Each structure stands twice: as C-alpha cells, then as structure tokens.
Amino acid sequence: MGAAALGALPWALLLLLGPLLPGQGLQANITRVSEENTGGITAAPPATAQEVHPLNKQRHNHSTDGHSKPRKAFPVLGIDYSHVRIPFEISLWILLACLMKMGFHVMSSVSKVVPESCLLIVVGLLVGGLIKAVGEKPPILKSDIFFLFLLPPIILDAGYFLPLRQFTENLGTILIFAVVGTLWNAFFLGGLMYAVCQIGGSGLNHIGLLANLLFGSIISAVDPVAVLAVFEEIHINELLHILVFGESLLNDAVTVVLYHLFEEFAYFEQVTIIDIILGFLSFFAVSLGGVFVGVIYGLIAAFTSRFTSNIRVIEPLFVFLYSYMAYLSAELFHLSGIMALIASGVVMRPYVEANISHKSHTTIKYFLKMWSSVSETLIFIFLGVSTVAGQHYWNWTFVISTLLFCLIARVLGVLVLTWFINKFRIVKLTPKDQFIIAYGGLRGAIAFSLCYLLDYEHFNMRDMFLTAIITVIFFTVFVQGMTI
C-alpha cells in the first residue's frame, strides 16, 4: 500500500496543478492515468475549453451579441472628455485663478488703485458672461464646496499664524465687537427690514419677522475672507487689523447660532420662552464646543509630532489633517468650525514647531500661504460667476433698505460699543480708529453661501435675499474696499 501511494503521489500533484498548466491534452492524460491507478474510480470529467479559459467564454458571448465595438482608425487614440472632465475643469479654474493673481501684481498701476478682490470679482463676471454667451450654464459657488473645501485653508492659515500676543491683549474688545456687535446688527437690521416689509404697496408683506431676522443674521457678520483680502493690501496698523480681523473670525459662532436658530424657528407654529432660552444657551454650546474640539485635535497633533523624528517627510501632513479633522468634526455637530480651526492652530503651533524640522516648518508655511491664496482667489472669482449664473429678484425697496440699514447699524454699533470699551482700555480707540473699524465691516462669500443653503420651498424669498446680499457684498468690496 505504501509503494502504491508513493507511486500515485506525482500523479496527484499533477492533477492538482493541472488547471494552472497551459495545455489541455496533459489534463486529459492525467485523468486517464488516474483512472487506471485508482482501480476504476473515475475522476471528474475533463474541463472544456470554455471552462478552463473564462476569457474565451467572454469573447464568445461578446461576439454573439451582435453589438461589436466600432472599429477606429487608430486603435488607441480617441477623445473621452467625460473621463477627465471634473479634474480637468478644476485644474482650469485653479490655473485661471493663479494667472489672474499673477497678472494683477504685474500691472502695478492697477493694483495701486483697485484691490485684488475687486479685480477678481470683475474677472468672474466676465468669465460668467462669456460662458453664458456661448450657451452654457455658468457654475454657481455651492455652499458645500465653499464651506468644506475653500474656506478651511484660509481660516487655518489665519489661525496657525495668528499673532497670539496682540490677539490675547485685545481679546475683550474683539469679543465685544464680535458678540454684542453682531447681535446688535442682526436684530437692528432684521427689525427695521420687517418694518419696511409691512409698508403697504412694497410687495413685501408676505415676509414675516422670523424671515427678516434670519436675513439680518446672515448679512450682519463681517467676512474674514474679504477683510483679509483688503486689509493685507493697505498695510493697516496691527491694532486695527487684529480688531477687525479678530471680530470677523469670532463672530462666526454668533452667526451660526442665529442662522440655525431662526431657520428652525421659521418651521415652528409658535415660539415659546423655553425655545428662546435654549437658543441663547446654544450660543455657548456652539462657540465653546468648537473651541473644545479644536483644542483636543491640537493637543493630539502636538503629541503626535513628538514621534516624527525618523519620518520628517509626513510632518506637514499631520498639521493639515488634524486641523481639517477638527473643522469637519465641529461642522458634524453644527458647532463653529472656524472656532475649531483657530483653536487647533493656536494650540498645536508652539509644540509642533518645537518638534518638527526646519524644512517641515517651511513647507507648512508656504503650502498654507499658497493654499489660502488660491482659495481666496477662487472665492472672489466664483462670486462674480455666481452673480451671472444665479436667479435674481430685484426689489428696489428691499435692496436699498438693506444697504442703508447695514451701514447705519455698523456705524451706530461701533460708536456705542467703542464709547463703552474706551472706559476700560489703556490704549483708547481714536475717532480715526473707530471710522476704520466701522468702514472695514466688509461682507463676503459666507453671507452668500449661508443664504444659498436656505430651502427654496420654505423660503421662497431666497432669490430676493441673494440679490440684496450680492449688492451689499459688491458695495462693501468695491466702494469701501477701494476708498478705505
């Protein structure tokens, strides 16, 4: 028995390896030999050609369909734009943004008179008009793309390189302008716009109080992207820059709370005192929750950077990923993503810079500057394109009232709050400083994107809101930005 088993072993191995061998006759021979050596026990029937070679079966079925692929003049060459459309168009937009930015700084005579943001909006208007002229539909700056991809690098660049000493020294003043000033602007503007809507004959009687307060919360916040774009060009002093820019960063929490609060209240049949109290408490949850998320990710990034001494090449990636994860985690729970980004950047920077190499620090610096600059350029270009592409509903009463009340609310808020703040400041804010702070309250793409998020079925006045917001953005960026 042992000799017979040893004699059958090579044939058994060949039987197992048969399907891997190229020939068919060998498998048939193996089957016959195995029949003889196993005393009449027949093995499985030999595999057919189609079973051994599935590709042959596939080719056979394809040829019998009657829908053979058409022959081309060159078997390899062809045009398949749909395959590369999305990355190709994204690359074209980024290339356009870079070329416009480069051309703007080459023409020094233009850059001395017109801010870069104004020129980029004009380029967007021209590109949008050209796309529409050839019969295509221009793209609109969608809110998801803005909040998830374009805004984070700008805020991260500002938060990571935030002048911490000037910021902490003026934190009280910044918080008063960001919290009290934004609340004042939202309720003052919303209340006056509701009064305008109640005037007979204006065609605005269907817009209720909550809708006007929602509109006021959207348009009242100072935009950090617009402030950065204008203030960095005029080289304003550090105090005014940190006051206005700090306000534009920290008022995000107030804007997020008011926006979601009034949006939810608009669906309620009746708003109770408990709803108002919970809405007031949600401000602390949104702001402090965003800071907490940012601090956690910042500490994790600082701890991780201790173990990267042998893999220096991935050090910058940890900074970007942890910061972006902080932003996304905050947005997941409707917390303030901007506050999370700022907190993570402020917390991680001193520890990360002590642990990473000099080359990694240079990479982080220049990559953030490049990323934020391209995002900022794309935002202003797409603001112009979206103006051409979007649906607008022009109402003279509503648009002019919005623009006028925005200016009045900003001036009154700054004057009253500065009078109170100067009682406690060692370095007083002069009338010239107050004018710059009031005049520098620029609006931008955040207001546009928040309004674009509104449900059109429930807020049928969204097109009119968008038209008024675009008018205010253009006025603040062009008129105030060019004359400041």
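Is the crossing of helix 8 and helix 12 left-handed or right-handed? Keep that one in mind while you find the two helices. And a quick reminder: what we have here is a predicted model.

Okay, so helix 8 covers residues 143–160, and helix 12 covers residues 224–234. When two helices pack, people describe the pair by the angle between their axes and the distance between the axes. Here the axes come within 11 Å and cross at roughly 60 degrees. That angle is why we call helix 8 oblique to helix 12. And the answer to my opening question: the crossing is left-handed.

So who's touching whom? On the helix 8 side you've got L151, I154, I155 and A158, and they meet P224, V225 and L228 in helix 12. Sort the residues of that contact by type and you get seven nonpolar, no polar and no charged.

Now let's zoom in on L151, which sits in helix 8. L151 has a relative accessible area of 1%, so it counts as buried. Leaving aside residues up to four places away in sequence, L151 touches F146, V225, Y327, I338 and I446. Check out I446 there: I446 and L151 are 295 residues apart along the chain, yet their C-alpha atoms are separated by 8.8 Å.

Last bit, the wider picture. The largest nonpolar core has 125 residues, and L151 is one of those with the most contacts inside it, along with F146, Y160, I207, I218 and F398. Which helix gives the most to this core? That's helix 13, residues 238–265, with 16 residues.

Key
Residues are numbered from 1 along each chain as its sequence is written. This is a predicted model: local features need pLDDT of at least 70, side-chain atom pairs count only at pLDDT 80 or more; totals for chains, interfaces and linings use all residues. Side-chain values use heavy atoms; hydrogens and water are left out. Axes are lines fitted to C-alpha atoms, for helices over the stretch in contact, and angles run from 0 to 180 degrees between N-to-C directions. Helices (H or I, at least four residues) and strands (E, at least two) are DSSP runs, numbered from the N terminus. Angles under 35 degrees count as roughly parallel, over 145 as roughly antiparallel, 65 to 115 as roughly perpendicular and the rest as oblique. A crossing is left-handed if the near helix is turned anticlockwise from the far one by less than a right angle, and right-handed if clockwise. Contact means heavy atoms within 4.5 Å. Ala, Val, Leu, Ile, Met, Phe, Trp, Tyr, Cys and Pro count as nonpolar, Asp, Glu, Lys and Arg as charged, and the others, Gly among them, as polar. A nonpolar core is a set of buried Ala, Val, Leu, Ile, Met, Phe, Trp, Tyr and Cys residues joined through side-chain atoms within 4.5 Å. Buried means under 20% relative accessible area, exposed over 50%, partly exposed in between (1.4 Å probe, protein chains only).
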